[in-house]
Amino acid sequence: QVQLVESGGGLVQAGGSLRLSCAASGSIVSINAMGWYRQAPGKQRELVAVISSGGTTNYADSVQGRFTISRDNAKNTVYLQLNSLKPEDTAVYYCNAGVRRGYYTDYRPYWGQGTQVTVSS
């Protein structure tokens, strides 16, 4: 089994900051891309940021320059630093990782349970 456990969400005022963490554990041979998605009430889940195993990053236009994704490969952990938060950033944030569980198997996507981020105006 593979588990992704997120932490770091909470309530913050507009302009504030939060740092989300997501640690992958279990039967893991390797992880390729890791990313963060979010889903606001009544909206579809959307990509926020993604980072490759080599450190290449991509961001949604709405968070470019405010959010920073990083990872610690030794700890199988991905982080998301959220700065200059806006009320429209309010959502449940989910982490995602492409995990290979065996040397002869393909990468499969796994999801965390989600962590709530609420930004008050």
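Start with Trp111: at 38% relative accessibility, this residue counts as partly exposed. Trp111 belongs to strand E10 (residues 108-111), and its ring pairs with that of Tyr37 in strand E4. Keep in mind that this is a predicted model. From that pair, the notes below move on to the core, the four-stranded sheet, and the hairpin made by E7 and E8.

**The aromatic pair**

- Searching the whole structure turns up one aromatic pair. The ring centres of Tyr37 and Trp111 are 4.9 Å apart and the planes sit at 65°, so this one is edge-to-face.
- The two partners come from distant parts of the chain, 74 residues apart.
- Is Tyr37 buried or partly exposed? Tyr37 is partly exposed, because its relative accessible area is 23% and the cut-off for buried is under 20%.

**The nonpolar core**

- The largest nonpolar core holds 31 residues, and Trp36, Leu80 and Tyr93 have the most contacts inside it.
- Eight strands are listed as each giving at least two residues to this core: E1 (2-7), E3 (18-26), E4 (30-39), E5 (46-51), E7 (67-72), E8 (77-82), E9 (91-100) and E11 (115-120).
- Which strand gives the most to this core? That's E9, with five residues.
- Tyr93 has plenty to touch beyond its sequence neighbours (residues up to four places away are left out here): among its contacts are Trp36 and Leu80, along with Leu20, Val48, Phe67, Leu82 and Val117.
- The Tyr93 contacts also take in Glu6, Arg38, Gly114 and Thr115, as well as Tyr37 from the aromatic pair.

**The four-stranded sheet**

- One open sheet has four strands in the order E1-E3-E8-E7, paired antiparallel. E1 and E7 are the edge strands with a single partner each, so each has one side without a neighbour in the sheet.
- On average, neighbouring strands here are turned by 15° against each other, ignoring direction.
- E3 and E8 run antiparallel and are joined by six bridges. Ala23 stands opposite Thr77 of E8.
- E8 is also joined to E7 by six bridges, again antiparallel. Here Phe67 has Leu82 in E8 as its bridge partner.
- Side chains in a regular strand alternate between the two faces of the sheet. E7 shows a covered face made of Phe67, Ile69 and Arg71, while Thr68, Ser70 and Asp72 make up the uncovered one.

**Thr77 in strand E8**

- Thr77 lies in E8 and counts as buried, because its relative accessibility is 7%.
- Leaving out residues up to four places away in sequence, Thr77 touches Cys22, Ala23, Met34, Ser70, Arg71 and Asp72.
- What lies 2.9 Å from a polar atom of the Thr77 side chain? It's the backbone oxygen of Lys75.

**The E7-E8 hairpin and its turn**

- E7 and E8 form a hairpin with four residues between them.
- Asn73 is in the loop between E7 and E8. With a relative accessible area of 42%, Asn73 is partly exposed.
- The side chain of Asn73 makes a 2.6 Å polar contact with the side chain of Arg71, and Arg71 is on the covered face of E7.
- Asn73 and Ile31 are 42 residues apart in sequence, but their C-alpha atoms are 8.3 Å apart in space.
- Asn76 is in that loop too, and is partly exposed at 23% relative accessibility.

**Two residues with positive phi**

- Most residues other than glycine have a negative phi. Asn76 goes the other way: it isn't a glycine, yet its phi is positive, about 50°.
- Ser84 is also a non-glycine residue with a positive phi of about 50°.
- Where is Ser84 found? Look in the loop between E8 and E9. Ser84 has a relative accessible area of 41%, so it counts as partly exposed.

Terms used:
Residues numbered from 1 in each chain as written. Predicted model: local features only at pLDDT ≥ 70, side-chain atom pairs only at ≥ 80, totals over all residues. Heavy atoms only, no water. Core = buried A, V, L, I, M, F, W, Y, C linked by side-chain atoms within 4.5 Å. Buried < 20%, exposed > 50% of the residue type's maximum accessible area, 1.4 Å probe, protein only. Contact = heavy atoms within 4.5 Å. Polar contact = N/O pair within 3.5 Å; in protein donor to acceptor, adjacent residues only side chain to side chain. Pairing = 2+ DSSP bridges. Axes fitted to C-alpha atoms, helices over the stretch in contact; angles between N-to-C directions. Phe/Tyr/Trp six-rings, centres within 6.5 Å; stacked < 30°, edge-to-face > 60°.
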